Amino acid sequence: LRDNRIELVRASWHELSISVSDVSLSDEGQYTCSLFTMPVKTSKAFLTVLGVPEKPQITGFTSPVMEGERMQLTCKTSGSKPAADIRWFKNDKEVKDVKYLKEEDANRKTFTVSSTLDFLADRNDDGAVVSCRVDHESLNSTPQIAMQVLEIHYTPLVKIISSNSWPEEGQSIILTCESKGKPMPEPVLWTKDGGELPDPERMVVNGRVLSISFLNKTDNGTYRCEAKNPIGRNSTEYVLIVHDVFNTLLPTTVIPSLTTATVTTTVAITTSTTTSATAISTRDPNALAGQTGPDHALIGGIVAVVVFVTLCSIILLGRYLARHKGTYLTNEAKGAEDAPDADTAIINAEGSQVNAEEKKEYFI
């Protein structure tokens, strides 16, 4: 061995040691140690030199990439012996569906390895970190990594957020138009039913926010928010329905009408008034005071008066019929008042058929 990189480390009758510095692929081969005795004794060993892969590089990326375009990224490394292994990652998540290619170098000792990642550009990949990692036994478990940050341009994504899920008359509402795109979208455009906003004094636009104060039924309609950037434009709609405040009170005003129906079971006016007052006091506390209570109390009072008058009429009619019957029976005994005894009274009673003809008197 005649090379300046080879140095004799130890020499004795029992041991001979050498060291090789700055190892190259040419140092690979069979080494023989001979002991010159009679006979000569030899020992052989084969030295394998690993080819360290070069730092990988990612090619094929052009910035920016439009959404929907096909991207082909290639990671390549040379000088590995044996051939290195290449793995792809996207945001620390490994991508399995890749193409792998291994080629032998000109020295016919090392290899050039390449891998291709093929996918469609998506807006969710904007800002993602794509990395190519090279693993090899010569790297002592410390892989070589190349990284590329993706830049994807896409049309705006638009969404309307309402501050009031149940708008009523007299209230206000704030509609926020959220638009996300790359490049950043221009200021949004608000329209109502395909035209401009009809009332600029109440409908104020501040950036992406539309504020409407003192809502009324004329504000009902479809509000559109449109955003655009150099890539394209997009829009979304919000249907505004202003609800009547009175409709929200309708279920609570029906309850008192059911309680006042008990007035018809009373006879005296004072009793019906008390019952009506009690019924009114048990009304729904959520109902507005003075809206329907007085009407039901008045109706209850009128019904009580009608019942009272009817009962009085029935009593008077009964007394009249009873008196008329007594008078009829009394007239039958008329004429028997002057009789000296009972027998004569019966005989002389007016209407008796026994002496009907005898009681006739004739004057000449």
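**View 1. A five-stranded open sheet in the predicted model.** In this predicted model, five strands line up as E6-E14-E15-E18-E17 in an open sheet, and the pairing is mixed. At the edges sit strand E6 (65–66) and strand E17 (203–206), each of which pairs on one side only. Strands of a sheet pair through backbone hydrogen bonds, either parallel or antiparallel. For E17 and strand E18 (residues 209–212), the direction is antiparallel, with four bridges joining the two. If you want one pair to zoom in on, take Val205, whose bridge partner in E18 is Leu210.

**View 2. The E19–E20 hairpin.** Here strand E19 (residues 221–229) runs antiparallel to strand E20 (residues 232–240), and nine bridges hold the two in register as a pair. The hairpin gets from E19 to E20 through two residues. Part-way along, Arg224 has Glu237 of E20 as its bridge partner.

**View 3. Pro185 and the residues around it.** Pro185 belongs to the loop between strand E15 (173–182) and strand E16 (189–192). Is this loop proline buried or exposed? Pro185 counts as buried because its relative accessible area is 6%, and the cut-off for buried is under 20%. Setting aside neighbours within four places in sequence, Pro185 is in contact with Pro156, Ser179, Lys180, Arg208, Ala227, Lys228 and Asn229. Also worth a look is Thr155: its C-alpha atom is 8.4 Å from that of Pro185, with the two positions 30 residues apart along the chain.

**View 4. The Cys75–Cys132 disulfide.** Searching the whole structure turns up two disulfides, and this view shows the one that joins Cys75 to Cys132, with an S to S distance of 1.6 Å. Cys75 lies in strand E7 (residues 70–80) and Cys132 in strand E12 (residues 129–135), so the link ties together parts that are 57 residues apart in sequence. The angle about the S-S bond is -70°, which makes the link left-handed. Both Cys75 and Cys132 are buried.

**View 5. The Cys177–Cys225 disulfide.** The sulfur atoms of Cys177 and Cys225 are 1.7 Å apart in this disulfide. Once more the link reaches across distant parts of the chain: Cys177 is in strand E15 and Cys225 in strand E19, 48 residues apart. This link is left-handed, at -80° about the S-S bond, and Cys177 and Cys225 are both buried. With the bonded cysteines of the protein chain numbered in sequence order, the pairing reads 1-2, 3-4.

**View 6. Cys33 and Cys312.** How do these two cysteines sit with respect to the surface? Cys33 is partly exposed, since its relative accessible area is 39%. Cys312 also counts as partly exposed, at 30% relative accessibility.

**View 7. A nonpolar patch on the surface.** Leu1, Leu8, Leu16 and Ile18 make up a nonpolar surface patch of about 430 Å². Ile18 is part of strand E2 (residues 16–20), and at 42% relative accessible area it is partly exposed.

**View 8. The whole chain, for context.** Zooming out, the protein chain has five helices and 20 strands. Of its 364 residues, 27% are buried. The chain exposes about 24,700 Å², and carbon and sulfur atoms supply 57% of that area. Among contacts with a separation of 6 or more, 57% are between residues 24 or more positions apart.

Definitions and conventions: Residues are numbered from 1 along each chain as its sequence is written. This is a predicted model: local features need pLDDT of at least 70, side-chain atom pairs count only at pLDDT 80 or more; totals for chains, interfaces and linings use all residues. Side-chain values use heavy atoms; hydrogens and water are left out. Two strands pair if DSSP finds at least two bridges between them. Buried means under 20% relative accessible area, exposed over 50%, partly exposed in between (1.4 Å probe, protein chains only). Contact means heavy atoms within 4.5 Å. Accessible areas come from the Shrake-Rupley method with a 1.4 Å probe; for residues, only the protein chains shown count as cover. Patches are made of residues with over 30% relative accessible area and no salt bridge: like charges are joined within 9 Å, nonpolar side chains (Val, Leu, Ile, Met, Phe, Trp, Tyr) within 5 Å. A salt bridge is a side-chain nitrogen of Lys or Arg within 4 Å of a carboxyl oxygen of Asp or Glu. A disulfide is a pair of cysteine sulfur atoms within 2.5 Å.
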